[in-house]
Each structure stands twice: as structure tokens, then as C-alpha cells.
Amino acid sequence: MQKGLLIVISGASGTGKGTVCKKLLADLPEVAYSISATTRNPRSGEVDGREYYFLNVSEFKTWISEGKFLEYAEVYGNFYGTPLNKIEERLNRGEDILLEIDVQGALNVKRKCPEGVYIFLLPPSLEELKSRIEGRGTENPESLSRRLKNAVAEIKIGLQYDYVVVNDTIDNAVAQIKAILTAERCKVARNADKFEFEGGF
Ligand code: ADP
Ligand code: 5GP
């Protein structure tokens, strides 16, 4: 059986990662979303245990000391982390797992799991990025300016990923990510067992 894909998607805040991942997950029921833990406050409509596990700083530190994270990072003044949650066992069972995490976390995971699929999502332009974060209406002016200031540096780190997808329209971005996953599943390195034919002519 083929091992599942560890799919890691990053991109500057407001690029559309959440929106694109939601559509991708709706279209691909075989892909499981890794729910992160965070110390940031829930946005309106966000549910504990669905978008994130919302923890306070002391709970987050306890999870760190108990070795519960594959990776964690401080992003915009809050902690975010990927729970280990038997990821390796699930991949070995053939489950695909999607992580939507920041660039620091993604590079840490890449060092541990180089066979993962690292996809960087870009906005069509910085103007469009700004208008998407503003349009989402979730950030106060301070948080908005912090996210925008960080965006250019974050985008440069995207050069270290395997794939880049421009989120011009959601449908295009989702179609490109599906194509990447199809190609990844066809890699010889992931299909060595298919070459083992019994017998001969
Ligand atoms: P991120 O998770 O990267 O911070 P979101 O998914 O929250 O970004 O998207 C930010 C805003 O941009 C949301 O209001 C969302 O509806 C909008 N958005 C996402 N993708 C697109 C797109 N392709 N075209 C136009 N608006 C988009
Ligand atoms: P937001 O607050 O907009 O939901 O997310 C802010 C940033 O934190 C985004 O770049 C998002 O990808 C990142 N993030 C979400 N979960 C994790 C995680 O588990 N680990 C890391 N390192 N970053 C995360």
C-alpha cells in the first residue's frame, strides 16, 4: 500500500490558504486536515476543535513540555503548533494529511519529513493581498499592518518550497493543487511496490 502524502501549504496571511484548503478538503474526502493548536483568540464563527484547538499560553506550554507537537512557532505574537496526533502512523496507513502552517513551521517539518509535498500559495499581487485581508474584516489596524509588513519576507521563504500556486481564482488554485497531488502520487519513489511483478515469460 502507498504511504499517504504529507501535504504542507503556506502563504502570507490573507492569500487565501484557508479558503483554498476548505474547497480542496471538500473535493478530496481522502485528505484529512490537521487541526492546529493556537493561543490566538477565536474569530467569529470559529469553533474550538474545528478550525483550531484554542489554548491559553500555559496550556500551550504544557503541550510543548509533554512533546505533543510535531512543530510549533510564534506567529504574529501568538503560538501555533501542529499536534503530533499519530501523524506518522496515519501516513503509514495510507492517509493523506494536510497541514496549513506558517513558513517557520513548514521548514521545520521539511527537515523532519523531506518526502512531504511543500506548496506555497502566492497572492496575484500585494495590492490584492491587502484588499483580501481588509475584506476579511478580522484584523485590527495593528494586526493588519503587522501581517502586511511580514508578507514580503514570508513570500521570499516560499523559494524553499517544492511547488508554487498563484491564488488568482479559488478554482484555479484548487485545480493546480489537485494536479500536484496527482503527480506526487505517480512518483516512482512512492510506487516501488508496483514494479514487483511475480514470474516472467
Ligand atoms: P488566509 O487563510 O491565507 O489568511 P483566507 O482564506 O482567510 O486567507 O482569505 C482571505 C480573504 O480573501 C477571505 O475574505 C477570502 O474570502 C478571500 N479570498 C480567498 N481566496 C480568494 C480568491 N481567489 N479571490 C478572491 N478572494 C479570495
Ligand atoms: P491565522 O491566525 O490567520 O489563522 O494564522 C496565522 C498564521 O499561522 C498562518 O500563516 C497560518 O498558516 C499559521 N499557522 C496555523 N497553524 C499553524 C501551526 O500549527 N503551526 C505553525 N507553525 N503555523 C501555523
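The second largest pocket in this predicted model comes out at about 300 Å³. A pocket here is an open set of points on a 1 Å grid over the protein atoms alone, with protein on both sides within 12 Å along at least five of seven lines, where the points are those that fit a 1.4 Å probe. The volume is the space filled by probe spheres set on the points, which are joined across faces, edges and corners. Thirteen residues line this second largest pocket, and R40, E139, N140, S143 and R147 sit nearest its centre; to count as lining, a residue needs an atom within 4 Å of a point. By class the lining splits into 2 nonpolar, 5 polar and 6 charged residues, with Asp, Glu, Lys and Arg taken as charged, Ala, Val, Leu, Ile, Met, Phe, Trp, Tyr, Cys and Pro as nonpolar, and the others, Gly among them, as polar. The top contributor is α6, with 4 residues; helices are DSSP runs of H or I with at least four residues, strands are E runs of at least two, and both are numbered from the N terminus.

The largest pocket has a volume of about 1200 Å³. Its lining takes in 39 residues, and G18, T19, R43, E100 and R136 are the closest to the centre. Two or more lining residues come from each of α1 (17–27), β5 (69–75), β6 (78–83), α5 (126–136) and α6 (141–157), and α1 gives the most, with 7. The class split for this pocket is 12 nonpolar, 12 polar and 15 charged. At least three of its lining residues come from each of domain 1 (6–34 + 95–192) and domain 2 (35–84), and the second largest pocket likewise draws at least three from each of these domains. The domain bounds come from an automatic or database assignment.

As for the ligands, ligand 2 has 16 residues around it, with S36, R40, Y52, Y80 and D102 the closest; "around" means a heavy atom within 4 Å. Polar contacts are pairs of N or O atoms within 3.5 Å. The side chain of Y80 puts an N or O atom 2.5 Å from an oxygen of ligand 2, that of Y52 does so at 2.6 Å, and a polar side-chain atom of E100 lies 2.8 Å from a ligand 2 oxygen. Ligand 2 alone exposes 520 Å², of which the protein buries 96% (Shrake-Rupley areas, 1.4 Å probe).

Ligand 1 is surrounded by 14 residues, and G14, K17, G18, T19 and R136 come nearest. The T19 side chain has an N or O atom 2.5 Å from an oxygen of ligand 1. Backbone atoms join in too: a polar one of K17 is 2.8 Å from a ligand 1 oxygen, and an N or O atom of T15 is 3.3 Å from one. Taken alone, ligand 1 exposes 570 Å², and the protein buries 74% of that.

Residues are numbered from 1 along each chain as its sequence is written, while chains are lettered from A and ligands numbered from 1 in the order written. Local features need pLDDT of at least 70 and side-chain atom pairs count only at pLDDT 80 or more, whereas totals for chains, interfaces and linings use all residues, and side-chain values use heavy atoms, with hydrogens and water left out.

Definitions and conventions
A polar contact is a pair of N or O atoms within 3.5 Å; within protein, one must be able to donate a hydrogen and the other to accept it, and residues adjacent in sequence count only if both atoms are side-chain atoms.
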